[in-house]
Amino acid sequence: MTSDTSRTLAEALSAGPVVLDGGMSNQLESAGHDLSDELWSARLLAERPEAIVEAHLAYFEAGADVAITSSYQATFEGFAKRGIPHERAAELLGLSVELAREAARRAHAKGVTRPLWVAASVGPYGAMLADGSEYRGRYGLSVAELERFHRPRLEVLAAAEPDVLALETVPDADEAQALLRGVRGLGVPAWLSYSVAGDRTRAGQPLEEAFALAADADEVIAVGVNCCAPEDVDGAVETAARVTGKPVVVYPNSGEVWDAKARAWSGRSTFTAEQVAGWREGGARLIGGCCRVGPGAIAGIAGTLGSA
């Protein structure tokens, strides 16, 4: 597997904490890019790939060890709605990994000496719908139907040789089951990260049951939560560590709330880098931020973990 380091991400997690990046969309928007259509940041894969490299680079320079690719919203079905054929869509999915690799190369050229890894983002089925259902789950599809949706994209992303597949913002244990089936045999490790509300998935399942699905999955190197309120992280970290015995991944939102109808954020940020020390104590090893968490916050996380 092509990588900037001889050490795997799993090996790094066993040695200590690893810093994830922050939100891709807020970094692109802060650079002046319009992400208002249904493809979100995935649209820039075709239109402004250099902007994506620059966003990744900002996070690497801020202290992130892992870049999550811009493929969260990138699906064959979503691209097809925009008239992008299957073959071109596959190229764009692969490109998302190469752009993150390019950012790592530039970071190293600019003096960053630590290992850098690339995580290929695999968003939930609801992200393709672009109607907020990724925050609800319960799409009315069976586990087998969801696996059929995810597997082709997983295969293409795995072929691009990321260091890990990020099965992220998963709202529903049924979809997690489909994703865990989908990664079998691909030869690329994965992490599984739920979007949660309190001690349950967004679809309402107890986190103990949801995390337990990954406990015996050899492909899964970390389990946890993302795209949730910072206040929901502590309990989830404890539960994930206890139920699975695996390293825990956490990257919450800023604490602001997404209004799917208005397609805008409201409220105030409650995310602070100091919170991560407690998450680390609870078993979190892969720590960063999601929506509305930018390079400044990631720098704070890197500083906190470096002094922990």
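# Close-up views of a predicted model

**View 1. A salt bridge between Lys 110 and Glu 61.** Lys 110 and Glu 61 are joined by a salt bridge, in which the closest N and O atoms are 3.0 Å apart. This pair links distant parts of the chain, since Lys 110 is in the loop between α6 and β3 while Glu 61 is in helix α4, 49 residues apart. Lys 110 is exposed, with a relative accessible area of 55%, whereas Glu 61, at 43% relative accessibility, counts as partly exposed. The structure, which is a predicted model, holds 14 salt bridges.

**View 2. Arg 138 and its two acidic partners, Asp 172 and Asp 174.** Asp 172 forms a salt bridge with Arg 138, and the closest N and O atoms of the two are 3.9 Å apart. Here too the pair links distant parts of the chain, with Asp 172 in the loop between β4 and α9 (173–182) and Arg 138 in the loop between α7 and α8, 34 residues apart. Arg 138 also forms a salt bridge with Asp 174, where the closest N and O atoms are 3.1 Å apart. Because Arg 138 lies in the loop between α7 and α8 and Asp 174 in helix α9, this pair ties together parts that are 36 residues apart in sequence. Asp 172 counts as buried at 3% relative accessibility, while Asp 174 counts as partly exposed at 29%.

**View 3. Gln 205 and its surroundings.** Gln 205 is placed in the loop between β7 (200–201) and α10 (207–212), and with a relative accessibility of 10% it counts as buried, because the cut-off for a buried residue is under 20%. Which side chains make polar contacts with the side chain of Gln 205? One is that of Asp 172, at 2.8 Å, and another is that of Thr 201, at 2.4 Å. When its neighbours within four places in sequence are left aside, Gln 205 is in contact with several residues, among them Arg 138, Asp 172 and Asp 174, and the list also includes Pro 171, Ala 173, Asp 199 and Arg 200.

**View 4. Asp 21, a buried acidic residue without a salt bridge.** Asp 21 lies in the loop between β1 (18–19) and α2 (24–30), and it is buried, with a relative accessible area of 2%. How far away is the nearest side chain of opposite charge? That side chain belongs to Arg 114 and is 11 Å away, and Asp 21 has no salt bridge. A polar atom of the Asp 21 side chain does, however, lie 2.9 Å from the backbone nitrogen of Ile 68. Beyond its neighbours within four places in sequence, Asp 21 is in contact with residues including His 56, Tyr 59, Val 66, Ile 68, Gly 288 and Ile 298. The C-alpha atoms of Asp 21 and Gly 288 are separated by 5.5 Å, although these residues are 267 residues apart along the chain.

**View 5. Helix α6 and the elements that its buried residues pack against.** Helix α6 (residues 86–109) has 24 residues, and from its first C-alpha to its last it reaches 35 Å, which is close to the 34 Å expected at 1.5 Å a residue. Its buried residues include Leu 92, Leu 93, Val 97, Leu 99 and Arg 101, as well as several alanines such as Ala 89 and Ala 107. These buried residues pack against α3 (43–47), α4 (49–62), β2 (66–68), α5 (76–81), β3 (117–122) and α8. The helix is followed by Gly 111, whose phi is positive, near 110°.

**View 6. The aromatic pair of Tyr 125 and Phe 149.** The model contains four aromatic pairs. In one of them, the rings of Tyr 125 and Phe 149 have their centres 4.9 Å apart and their planes at 80°, so the pair is edge-to-face. Tyr 125 is in helix α7 (residues 125–129) and Phe 149 in helix α8, 24 residues apart, and the pair therefore links distant parts of the chain. Both Tyr 125 and Phe 149 are buried, and ring pairs link these two residues with Tyr 139 into a cluster.

**View 7. Two loop residues with a positive phi, Glu 161 and Cys 227.** Most residues other than glycine have a negative phi. Glu 161, which is not a glycine, nevertheless has a positive phi of about 65°, and it lies in the loop between α8 (143–159) and β4 (164–170). Cys 227, also not a glycine, has a positive phi of about 55° and is found in the loop between β8 (220–226) and α11 (233–244). Are these residues buried or exposed? Glu 161 counts as partly exposed at 34% relative accessibility, whereas Cys 227 counts as buried at 2%.

Terms used
Residues are numbered from 1 along each chain as its sequence is written. This is a predicted model: local features need pLDDT of at least 70, side-chain atom pairs count only at pLDDT 80 or more; totals for chains, interfaces and linings use all residues. Side-chain values use heavy atoms; hydrogens and water are left out. Helices (H or I, at least four residues) and strands (E, at least two) are DSSP runs, numbered from the N terminus. Buried means under 20% relative accessible area, exposed over 50%, partly exposed in between (1.4 Å probe, protein chains only). A polar contact is a pair of N or O atoms within 3.5 Å; within protein, one must be able to donate a hydrogen and the other to accept it, and residues adjacent in sequence count only if both atoms are side-chain atoms. Contact means heavy atoms within 4.5 Å. Lys and Arg count as positive and Asp and Glu as negative; His and the chain ends are not counted. A salt bridge is a side-chain nitrogen of Lys or Arg within 4 Å of a carboxyl oxygen of Asp or Glu. Rings of Phe, Tyr and Trp (its six-membered ring) pair if their centres lie within 6.5 Å; planes under 30 degrees apart count as stacked, over 60 as edge-to-face and the rest as tilted. The expected span of a helix is 1.5 Å times one less than its number of residues.
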